[in-house]
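Reader: I am new to this structure and would like to learn how to read its features one at a time. Could you take me through them slowly?

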Amino acid sequence: MTPSGQGTVMLNIGNGIGALIINTPGRMHGREIEVSPVDDPARRTHAAVRARYVWGGVCYSVVLDSLPEGRYTVWDNPVTPLGEVDVPSGGVADFTWPVAAAVA
């Protein structure tokens, strides 16, 4: 997967809709990450980890926008939840992938 260039992320956020950025270790580049509302684990959305060049280097992250505000589960794999995060209305939530989980 090629890296995202400068200025290539546009977020659809607003009243009742937010976004989630999941920061990961570089070794996860290309891996698909799933999230779902906590109260509806079958309703999942996903995106791939991409290299993103920022001032001073590169970071690896997933960007999910157009998420209805609420609490979300971040999935380590199809059956194992990794953590939870609140996505705010009109804002952006941030989740950092635990290093220990990235090793597995």
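Reader: Let me begin with one residue: does D76 count as buried or exposed?

Author: Please keep in mind that this is a predicted model. A residue is called buried when its relative accessible area is under 20%, and D76, at 17% relative accessibility, therefore counts as buried.

Reader: Which side chain does D76 meet in a salt bridge?

Author: The partner of D76 is R31, and the nitrogen-to-oxygen distance in this salt bridge is 3.4 Å. The two residues belong to distant parts of the chain, 45 residues apart, with R31 in the loop between β1 (17-24) and β2, and D76 in strand β6. R31 has a relative accessible area of 27% and is partly exposed, whereas D76 is buried.

Reader: How should I read the sheet, and what is the order of its strands?

Author: In general, the strands of a sheet pair through backbone hydrogen bonds, and they do so in either a parallel or an antiparallel way. Here four strands form an open sheet in the order β3-β2-β6-β7, and their pairing is antiparallel. Because β3 (45-48) and β7 (80-87) stand at the edges with a single partner strand each, one side of each of them has no neighbour in the sheet. On average, and with direction ignored, neighbouring strands of this sheet are turned by 30 degrees against each other.

Reader: How many bridges join strand β2 and strand β6?

Author: Strand β2 (residues 32-37) and strand β6 (residues 70-77) are paired in the antiparallel sense over four bridges. Within this part of the sheet, E34 stands opposite W75 in β6.

Reader: With which residue does E34 form a salt bridge?

Author: E34 forms a salt bridge with R44, and their closest N and O atoms are 2.9 Å apart. Since R44 lies in the loop between β2 and β3 while E34 lies in strand β2, the pair ties together parts that are ten residues apart in sequence. Both residues count as partly exposed, R44 at 27% relative accessibility and E34 at 25%.

Reader: How many salt bridges does the structure hold, and which residues are linked in a network?

Author: The structure holds four salt bridges, and a network of such bridges links R71, E84 and D86. In one of these contacts the side chains of D86 and R71 meet at 2.8 Å, N to O. D86 lies in strand β7 and R71 in strand β6, so the pair ties together parts that are 15 residues apart in sequence. D86 is partly exposed, with a relative accessible area of 47%, and R71 also counts as partly exposed, at 36% relative accessibility.

Note on methods:
Residues are numbered from 1 along each chain as its sequence is written. This is a predicted model: local features need pLDDT of at least 70, side-chain atom pairs count only at pLDDT 80 or more; totals for chains, interfaces and linings use all residues. Side-chain values use heavy atoms; hydrogens and water are left out. Two strands pair if DSSP finds at least two bridges between them. Axes are lines fitted to C-alpha atoms, for helices over the stretch in contact, and angles run from 0 to 180 degrees between N-to-C directions. Buried means under 20% relative accessible area, exposed over 50%, partly exposed in between (1.4 Å probe, protein chains only).
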